[in-house]
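Hello,

Here is the structure we talked about. Please open it alongside this message, and then read on for what turned up in it.

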Amino acid sequence: MQYLIQRNRETACRVRGLRDTFCLAARGPRAALQAQQPEYHHPDRLFAYTLNLVRGVGSRDTSEQELPAYAAPLQRPCIAVRKTGYDLLHDPWSNKGMSFPPEERERLRLRGLLPPGHLDMDLQKQRLMEEYLRPLAMVPPEDSRLGGVTSEMARRWALLQALQDRNETLFYSILTQHFVEMAPIIYTPTVGWVCANYHKLYRRPRGMYFSSEDRGNMAAMAYNWPQDDVHAIVVTDGSRILGLGDLGVNGLGIPIGKLDLYCAAGGFSPSHVLPVVVDVGTDNEALRQDPLYAGLRSSRLTGPDYYRVMDEFVAAVMSRWPRAVLQFEDFSSQHAASLLERYRHHHCVFNDDIQGTAATALAGLYGALRVMGKPYSELAEQRVVVVGAGSAGMGVVQLVAAAMEKHGLSPSEAASRFWMLDRKGLITTRRPGLQPHVRGFARVEQSEDGQSLLEVVERVHPTMLVGLSGAGGIFTEQVVRTLDRHCSHQRPVIFPMSNPTASMECTAEQALTWTEGRAIFAGGSPQPPVRLPGGGEPRPVAQANNMYLFPGIALGAFIGRTGIINEDMLMTVAEALPNMISEEGLRQGLVYPRLEDIRAISARIALELCVTAHRSGHLNGPAREALAADGGGVGGFSSSRGVGEGEKSLLNFIVRSMFWPEYKSLVLLPRGVGE
């Protein structure tokens with residue numbers, strides 16, 4: 001934070017210096033010339049008079065106190081336009097960027113298409129001239145908080161962003177073909193750098209902006225978006241962006257990057273997705289003091305006012321696009337779970353931080369059992385230590401516990417298989433103020449409240465260690481070696497799932513070195529292959545990345561018109577994912593399949609979700625008709641009877657419904673035709 005404040009002070013100093021030289025022109029060219037020098041004297045008196053007229057000096061014969069004579073305007077004081085909305089913003093002659101005043105935003109249907117902040121021409125010139133003279137002061141890619149981002153990654157992001165602005169079809173074709181290489185550029189970890197600097201990188205409007213100042217108008221604003229058929233919406237309030245905290249309206253970079261993955265991995269059409277940020281203010285003082293910040297400069301809303309804003313937003317977008325999948329992304333723990341619960345029974349709502357992370361973790365644990373040659377039912381025998389009791393951590397605990405119940409444990413027996421820790425140590429029922437969903441998994445041994453991670457590992461001999469704390473390095477060598485020492489009957493499972501890299505509880509190299517290669521590992525951020533002491537081929541490392549599941553979950557929910565994403569669906573897709581690991585991958589200790597096959601993975605996940613939805617009566621529309629091809633069979637790929645004709649028919653329908661980036665013939669329609 002101090003770094004950002006200092007950088008913004010330096011920026012403000014440079015901006016003040018630029019005002020004297022460049023920014024008086026914001027008051028008009030005459031004002032700028034007049035400020036540079038007083039009334040001009042020249043041997044050629046007519047030329048001198050001309051110069052003074054241009055500069056606005058000495059051109060009036062009346063004193064300041066006298067009313068000047070009326071002069072009929074020779075130029076129109078306004079410009080008539082025939083475009084509105086995005087068409088206007090993409091017209092370089094009419095576009096003012098963030099200088100459109102509120103009344104113009106309203107009448108030209110721009111409200112919600114631009115950030116809520118206002119930058120007049122003076123500030124726009126300051127921004128351009130500062131960058132013209134020297135690069136803008138930004139959070140550098142190598143900042144340790146960003147976790148492994150490099151200047152080269154930032155350069156590649158800028159290149160791909162420019163391509164996306166020019167030619168989206170080509171952009172998605174390249175991204176699909178080079179997905180494994182480019183996903184870290186488009187999304188984590190590079191997207192963290194993008195969000196930290198979004199107010200300085202902003203060039204072209206993308207997505208929608210709703211704010212607390214739009215209350216009472218959001219339903220109308222939704223119709224400013226040019227697409228009548230939106231299939232997926234990803235929204236954030238910018239309150240918890242990766243490991244960077246509150247970034248306010250800058251958080252829009254997360255939904256943009258997420259939906260790029262929806263399109264490349266899940267086959268959503270780019271013209272049918274909508275990234276959104278709901279700006280309720282920010283508590284990030286460095287951003288509030290930055291003259292280029294484009295969001296509200298007020299403190300964050302809390303309490304009932306916050307939920308009123310979110311209620312109006314959800315009602316507005318789901319009223320216009322009732323079939324869309326609405327995904328919440330990077331909301332603070334204070335609101336994430338309550339928002340999910342508030343809307344999930346009314347709309348097709350999904351929170352990837354809670355549900356996606358939980359399903360990905362469960363899939364990875366099942367994958368670890370497959371690596372060890374154990375059946376899924378062995379999950380009920382595991383002792384699981386989870387570090388991090390926020391919304392993501394509790395989502396993992398709840399879904400894994402539900403899976404244990406599926407394998408025969410009672411709810412109390414399943415809860416007894418977990419030990420949860422937060423920054424205060426082991427959580428027991430002695431801890432005051434626990435939320436109900438946390439209290440259900442608190443240990444009853446109150447005398448052990450607050451025990452350290454090492455003490456817990458030494459005492460309970462866990463078999464699985466999961467990190468969702470954001471506390472980089474908390475899985476120390478002593479902790480990992482102690483875990484390994486007590487796992488004599490099976491290999492230790494270590495999942496430091498926090499991201500970015502700097503927030504991971506340990507690295508793959510550390511976990512594999514300290515356990516002499518015995519650990520089954522999956523990390524929250526990409527890790528390079530590890531070469532163990534003693535030689536041999538480098539060992540590939542699995543990444544516990546939600547992108548294995550969220551594109552397919554959203555695709556299945558939309559195509560199947562399920563109207564809901566419930567626990568049974570999440571558990572089914574978590575069981576299906578490890579079945580896609582190749583035999584070679586299992587030998588290498590990989591708990592997830594190859595990302596190179598992400599489109600096939602997403603199609604298979606969508607199929608499994610639809611099949612599960614059919615069992616509970618939630619499958620509708622053409623997907624239901626396709627599945628009924630063999631009389632309504634609901635076997636799924638993992639069933640013992642194999643793949644029925646209904647599953648084949650539904651899978652074919654899913655794949656054919658996916659967006660494939662390729663050039664198609666364009667047809668010119670006159671105005672009014674097909675609109």
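A quick definition before anything else: pLDDT is the predictor's confidence in each residue, on a scale from 0 to 100. You will want it at hand, because this is a predicted model.

**How far to trust it**

The average pLDDT of the protein chain is 89, and 90% of the residues score at least 70. Two stretches need care. Over residues 11–37 the pLDDT stays under 50, and the model has 40 contacts for them beyond four places in sequence. Residues 631–641 also stay under 50, with 28 contacts beyond four places in sequence. Where pLDDT is low, the predicted coordinates should not be read in detail, so please treat the contacts of residues 11–37 and of residues 631–641 with that in mind.

**The overall picture**

The protein chain has 675 residues, of which 55% are buried. It contains 29 helices and 12 strands. Of the contacts with a separation of 6 or more, 69% are between residues 24 or more positions apart.

In soluble globular proteins, nonpolar side chains tend to be buried together. Here the largest nonpolar core has 186 residues, and Phe313, Phe328 and Tyr592 have the most contacts inside it. Helix H17 (residues 352–371) gives this core its largest share, 11 residues. A second, separate core has 26 residues, including Val385, Ile494, Leu512 and Trp514.

To see what surrounds one of those well-connected residues, start from Phe313. Setting aside residues up to four places away in sequence, Phe313 touches Phe210, Met218, Val235, Val276, Val278 and Leu326.

**Strands S1, S2 and S3**

Several of those partners lead to strand S3 (residues 273–279), where seven of seven residues are buried. Both of its faces are covered: Val273, Pro275, Val277 and Asp279 are buried on one side, and Leu274, Val276 and Val278 on the other.

Strand S1 (residues 208–211) runs parallel to S3 and is joined to S3 by four bridges. Met208 has Val276 as its bridge partner in S3, while Phe210 stands opposite Val278. S1 is also covered on both faces, with Met208 and Phe210 buried on one side and Tyr209 and Ser211 on the other.

Strand S2 (residues 232–236) is likewise parallel to S3, with five bridges between them; Thr236 stands opposite Val277. From S2 the chain crosses through helix H13 (residues 253–266) to S3, making a right-handed β-α-β crossover.

**The seven-stranded sheet**

Another part worth viewing is an open sheet of seven strands with mixed pairing, in the order S8-S7-S6-S9-S10-S11-S12. Strand S8 (425–426) and strand S12 (542–543) stand at the edges; each has a single partner strand, so one side of each lacks a neighbour in the sheet. Further in, strand S6 (residues 384–387) and strand S9 (residues 464–467) run parallel and are joined by four bridges, with Met464 in S9 as the bridge partner of Val384.

Strand S11 (residues 520–523) holds Gly523. What does Gly523 contact, leaving aside its neighbours within four places in sequence? The contacts are Pro496, Met504, Ala542, Gln543 and Ala544. Gly523 counts as buried because its relative accessible area is 0%, and buried means under 20%. Its C-alpha atom is separated by 7.2 Å from that of Ala508, which lies 15 residues away along the chain.

**Helix H25**

Helix H25 (residues 567–576) is largely enclosed by the rest of the structure, because eight of its 10 residues are buried. These are Met569, Leu570, Met571, Thr572, Val573, Ala574, Glu575 and Ala576. What do the buried residues of H25 pack against? Their neighbours are strand S5 (349–351), H17, helix H18 (391–406), helix H24 (550–559) and helix H27 (598–615). H17 is the helix already mentioned for its 11 residues in the largest core.

**Cysteines**

How many disulfides does the structure hold? Zero. Two cysteines to look at are Cys195, which is buried at a relative accessible area of 0%, and Cys348, buried at 6%.

Happy browsing, and do write back with any questions.

Best wishes

Key:
Residues are numbered from 1 along each chain as its sequence is written. This is a predicted model: local features need pLDDT of at least 70, side-chain atom pairs count only at pLDDT 80 or more; totals for chains, interfaces and linings use all residues. Side-chain values use heavy atoms; hydrogens and water are left out. A nonpolar core is a set of buried Ala, Val, Leu, Ile, Met, Phe, Trp, Tyr and Cys residues joined through side-chain atoms within 4.5 Å. Buried means under 20% relative accessible area, exposed over 50%, partly exposed in between (1.4 Å probe, protein chains only). Helices (H or I, at least four residues) and strands (E, at least two) are DSSP runs, numbered from the N terminus. Contact means heavy atoms within 4.5 Å. Two strands pair if DSSP finds at least two bridges between them. A crossover is right-handed if, with the strands pointing away from the viewer, the path from the first strand over the helix to the second runs clockwise. A disulfide is a pair of cysteine sulfur atoms within 2.5 Å.
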